[in-house]
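Please open the structure in your viewer and keep the selection tool at hand. The stops below are to be visited in order.

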Amino acid sequence: MSESNSKTPLIQSKLPDIKLSVKLKYVKLGYHYLITHVMFLFFSPLVFLIAAHLSTFSVQDLHDLWDHLRYNLISAVLCSAFLVFLLTLYFLTRPRPVYLVDFSCFKPADARPCTRQIFMDCSSSTETFTEQSLEFQRKVLERSGLGESTYLPEAVLRVPPNPSMAEARKEAEAVMFGAVDELFEKTRVKPKDIEILIVNCSLFNPTPSLSAMVINHYKLRGNILSYNLGGMGCSAGLISIDLAKDLLQVHPNSYALVISMENITLNWYFGNDRSMLVSNCLFRMGGAAILLSNKRWDRRRSKYQLVHTVRTHKGADDRCFSCVTQKEDSTGSVGVSLSRDLMSVAGDALKTNITTLGPLVLPMSEQLLFFATLVARKLFKMKVKPYIPDFKLAFDHFCIHAGGRAVLDELERNLQLTDWHMEPSRMTLYRFGNTSSSSLWFELAYAEAKGRIRKGHQLWQIGFGSGFKCNSVAWRALRKVNPAKEKNPWINEIHQFPVDVPKFSAI
């Protein structure tokens with residue numbers, strides 16, 4: 001007996017381990033394939049039977065069918081007219097397709113990069129920060145994920161700094177006109193062809209407005225529809241896309257120009273409130289211009305087609321309005337405050353956004369698993385973990401707002417993304433910093449420069465902003481993007497990326 005017991009472990013060790021011999025991810029892929037093609041598998045036998053039956057028709061059977069239609073002419077005409085009416089109603093009421101013809105990102109001159117040491121030197125030279133505040137900024141920078149080539153406006157880098165209204169306008173003009181000039185050059189669209197203009201800048205809202213500055217500079221048409229969005233944070237860029245989509249539904253054969261940017265000059269914080277000092281360490285100079293069209297003949301030259309837009313405003317409690325806000329401290333200094341509740345509120349907003357977007361983009365296999373888990377938890381009170389859908393089955397590329405390393409780490413964990421999926425966001429944060437609402441377009445430009453965009457690819461842009469807002473836009477690539485023919489901010493240095501970004505890098 002003892003001998004048999006002693007041999008048992010040896011026998012068991014030779015048995016195959018199901019976790020090692022069968023990779024569950026392949027089982028899930030098989031389930032996904034089965035559910036995705038279930039309608040095809042169901043109707044294939046039916047189509048085969050109908051085809052087999054039609055193949056038995058003789059010439060006499062066809063002649064009898066013609067006689068039946070001829071002697072029931074009224075019924076045939078009514079059915080045909082009803083079918084034509086339904087087709088006409090469908091084509092008149094379906095949404096107009098919205099195409100992204102092209103976009104451009106503003107890249108400041110290489111003569112004024114802001115290394116981390118230059119940032120610390122400028123902060124020290126202002127003589128307004130305490131030693132504790134300077135040390136805090138150093139620690140944030142060392143863990144921020146920002147590299148040595150980000151950009152700040154001249155007024156901030158100057159010693160002493162000159163945060164005036166004139167300098168803020170100078171920065172806005174450089175960013176907006178730089179991006180729009182390149183966009184017009186790439187698309188060969190004339191300024192007079194623009195029917196809709198949307199400019200979003202959260203923290204700088206002068207009079208005349210930024211949109212008025214663009215109209216005056218490019219001498220846009222007098223009856224242009226002009227919108228200036230302010231105070232909406234880093235997600236305002238996707239809100240602008242959603243607004244442009246709605247306007248293009250009611251204005252046929254139109255071009256919409258969207259400009260997404262943020263202004264650093266007048267929003268640099270010179271106090272010692274730590275929650276407001278974080279924004280100094282993360283926000284950098286940048287902007288983007290996007291050309292949208294609903295002209296059907298633009299489909300052939302456009303890069304992407306708009307698939308879905310989802311806006312989520314999580315305003316259930318006071319935390320939401322204190323996460324990302326512009327406020328004044330006890331000394332009168334104004335800056336952007338980032339609350340510790342940011343991650344929890346962002347998570348709540350993202351969950352709501354996923355619940356809305358999921359049924360629109362996820363394959364049926366993932367929707368069934370999500371629904372089954374929801375029923376088990378809510379109806380049967382079973383203690384099972386919430387099922388997080390695999391959005392990698394719906395999207396090929398992810399552009400997540402480069403708000404900071406903590407945000408990207410949390411999104412990577414929650415959405416179960418790989419390093420390859422997160423690469424555009426992390427490299428954008430490293431190379432350009434947090435450029436607010438335009439960061440999503442720097443990320444898409446990175447994917448294009450890497451030659452990753454293929455025809456039919458689906459991509460997901462996720463933006464977070466004050467309020468608290470979580471907005472999504474889904475695009476489908478209409479053609480392969482050839483990086484050799486592209487002009488974007490990465491193209492001359494894309495061979496240097498990706499780079500390893502350590503979690504801590506001493507200054």
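In the protein chain, 80% of the contacts with a separation of 6 or more are between residues 24 or more positions apart. The model shown is a predicted one. Display the whole chain as a cartoon, and 18 helices and 13 strands may be traced in it. Of its 507 residues, 46% are buried.

**First stop: helices α7 and α8**

Select residues 116-125, which form helix α7, and residues 131-142, which form helix α8. The two axes lie 11 Å apart, and the helices pack at an angle of about 165°. Because angles over 145 degrees count as roughly antiparallel, α7 is roughly antiparallel to α8. The crossing of these two helices is right-handed.

Now show the side chains at this contact. On the α7 side, select Arg116, Phe119, Met120, Ser123 and Ser124. On the α8 side, select Leu134, Gln137, Arg138, Leu141 and Glu142. Colouring the contact of α7 with α8 by class gives 4 nonpolar, 3 polar and 3 charged residues.

Before leaving this pair, select Glu127, which is found in the loop between α7 and α8. Is Glu127 buried or exposed? Its relative accessible area is 71%, so Glu127 is exposed. The phi angle of Glu127 is near 60°, a positive value in a residue other than glycine.

**Second stop: helices α8 and α13**

Keep α8 selected and add helix α13, residues 274-282. The axes of α8 and α13 come within 10 Å and cross at roughly 50°. This angle makes α8 oblique to α13. In passing α13, α8 makes a right-handed crossing.

Which residues make this contact? From α8 they are Gln132, Ser133, Phe136, Gln137, Val140 and Leu141. From α13 they are Arg274, Leu277, Val278, Asn280 and Cys281. Sorted by class, the contact of α8 with α13 has 6 nonpolar, 4 polar and 1 charged residues.

**Third stop: aromatic rings**

Next, display the aromatic side chains; 15 aromatic pairs are counted in the model. Begin with Phe395 and Phe398, whose ring centres are 6.1 Å apart and whose planes meet at 70°, so the pair is edge-to-face. Both Phe395 and Phe398 are buried.

Then add Trp460. The rings of Phe398 and Trp460 have centres 6.0 Å apart and planes at 55°, so this pair is tilted. Distant parts of the chain are linked here: Phe398 belongs to strand β11 (residues 397-400) and Trp460 to strand β12 (residues 458-465), with their positions 62 residues apart in sequence. How accessible are the two partners? Phe398 has a relative accessibility of 1% and therefore counts as buried. Trp460, with a relative accessible area of 0%, is buried.

Finally, select Tyr151, Phe432, Phe442, Tyr446, Trp490 and Phe497 together, since they form one aromatic cluster.

**Fourth stop: Ser240**

Select Ser240 in helix α12, residues 236-250. Is Ser240 buried or exposed? Ser240 has a relative accessible area of 0% and is therefore buried. Leaving aside residues up to four places away in sequence, Ser240 touches Ile198, Asn200, Leu229 and Val258.

**Fifth stop: features of the backbone**

Switch to a view that shows backbone atoms and select Val159 with Pro160. A cis peptide bond joins these two residues, with omega of about -5°. Pro160 lies in the loop between α9 (154-157) and α10 (165-187).

Move on to Thr207 and Pro208, which are also joined by a cis peptide bond, with omega of about 0°. Pro208 is in the loop between β4 (194-201) and α11 (210-218).

The tour ends at Arg188, in the loop between α10 and β4. Arg188 has a phi near 60°, a positive value in a residue other than glycine. With a relative accessibility of 70%, Arg188 counts as exposed.

Technical notes. Residues numbered from 1 in each chain as written. Heavy atoms only, no water. Axes fitted to C-alpha atoms, helices over the stretch in contact; angles between N-to-C directions. Helix = DSSP H or I, 4+ residues; strand = E, 2+ residues; numbered from the N terminus. Parallel < 35°, antiparallel > 145°, perpendicular 65-115°, else oblique. Left-handed = near helix turned anticlockwise from the far one by under 90°. Contact = heavy atoms within 4.5 Å. Nonpolar A, V, L, I, M, F, W, Y, C, P; charged D, E, K, R; others polar. Phe/Tyr/Trp six-rings, centres within 6.5 Å; stacked < 30°, edge-to-face > 60°. Buried < 20%, exposed > 50% of the residue type's maximum accessible area, 1.4 Å probe, protein only.
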